[in-house]
Amino acid sequence: MLDSAGEQQLPTILRAVAAVGDGNCVDAVLPLLHRTDRAVRIESIHCLARLADGQRLDDVRYITFTVVGYHRF
């Protein structure tokens, strides 16, 4: 669903995934960090922060701070 959604729909979808998803959704959300739309990147980080469990927290932290760079927001 995330692959076929439009840029304007993604922030809403990400909020829903964050509310009802679990750690298994992290892999689907990670590629969205590289989108050009600022709102999508911000919602992706919020979503990942809510979804990351103990096993994935280090992965999420590494990707958001070193690959994407928090300074771009």
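**View 1. Histidine 46 in helix α3 of the predicted model.** Histidine 46 has a relative accessible area of 47% and is therefore partly exposed, since that class covers values between the 20% limit for buried and the 50% limit for exposed residues. The residue belongs to helix α3, and its C-alpha atom lies 7.7 Å from that of alanine 18, although 28 residues separate histidine 46 and alanine 18 in the sequence. A reader following the chain can thus use this pair as a first link between α3 and an earlier stretch of the protein.

**View 2. The packing of helix α1 against helix α3.** Helix α1, which spans residues 10-20, and helix α3, which spans residues 38-51, pack with their axes 9 Å apart and at an angle of about 5 degrees. Because angles under 35 degrees count as roughly parallel, α1 is described as roughly parallel to α3. On the side of α1 the contact is formed by Leu10, Pro11, Leu14, Arg15, Val17, Ala18 and Ala19, while α3 contributes Ala39, Val40, Glu43, Ser44, Cys47, Arg50 and Leu51. Sorted by character, the residues in this contact of α1 with α3 comprise 10 nonpolar, 1 polar and 3 charged.

**View 3. Glutamate 43, a buried residue of helix α3.** Glutamate 43 is located in helix α3, and with a relative accessibility of 17% it counts as buried, because the limit for that class is under 20%. When neighbours within four places in sequence are left aside, glutamate 43 is in contact with Pro11, Leu14 and Arg15. Pro11, Leu14 and Arg15 are also among the residues that α1 brings to its contact with α3, and Glu43 is one of those on the side of α3.

**View 4. The largest nonpolar core and leucine 2.** The largest nonpolar core holds 18 residues, and those that touch the most other members are Leu2, Leu14, Val29, Cys47 and Leu48. Two or more residues of this core come from each of α1, α2 (26-29) and α3, and α1 provides the largest share, with 5 residues. For leucine 2, residues up to four places away in sequence not being counted, the contacts are Leu10, Ile13, Leu14, Ala28, Val29, Leu32 and Arg35.

**View 5. Arginine 35 in the loop between α2 and α3.** Arginine 35 sits in the loop that joins α2 and α3, and its relative accessibility of 23% makes it count as partly exposed. Not counting residues up to four places away in sequence, arginine 35 touches Leu2, Glu7, Leu10, Val40 and Arg41. Of these, glutamate 7 is 28 residues away from arginine 35 in sequence, and the C-alpha atoms of the two are 8.9 Å apart.

**View 6. Cysteine 25 in the loop between α1 and α2.** Cysteine 25, found in the loop between α1 and α2, is partly exposed, with a relative accessible area of 24%. With residues up to four places away in sequence not counted, cysteine 25 touches Val17 and Leu51, and both Val17 of α1 and Leu51 of α3 take part in the contact between those helices. Cysteine 25 and leucine 51 lie 26 residues apart in the sequence, yet their C-alpha atoms are separated by 7.3 Å.

**View 7. Arginine 61 in helix α4, with the protein as a whole for orientation.** Arginine 61 has its place in helix α4, residues 57-68, and counts as partly exposed at 43% relative accessibility. Its C-alpha atom is 8.8 Å from that of alanine 49, which is 12 residues away in sequence. The whole protein has 4 helices and 0 strands, so that from the N terminus the order of elements reads α-α-α-α. Of its 73 residues, 37% count as buried, and the exposed area is about 4600 Å², of which carbon and sulfur atoms supply 53%. Among contacts in the protein with a separation of 6 or more, 61% are between residues 24 or more positions apart.

Technical notes: Residues numbered from 1 in each chain as written. Predicted model: local features only at pLDDT ≥ 70, side-chain atom pairs only at ≥ 80, totals over all residues. Heavy atoms only, no water. Axes fitted to C-alpha atoms, helices over the stretch in contact; angles between N-to-C directions. Parallel < 35°, antiparallel > 145°, perpendicular 65-115°, else oblique. Contact = heavy atoms within 4.5 Å. Nonpolar A, V, L, I, M, F, W, Y, C, P; charged D, E, K, R; others polar. Core = buried A, V, L, I, M, F, W, Y, C linked by side-chain atoms within 4.5 Å. Buried < 20%, exposed > 50% of the residue type's maximum accessible area, 1.4 Å probe, protein only. Areas by Shrake-Rupley, 256 points an atom, 1.4 Å probe, with all protein chains shown as cover.
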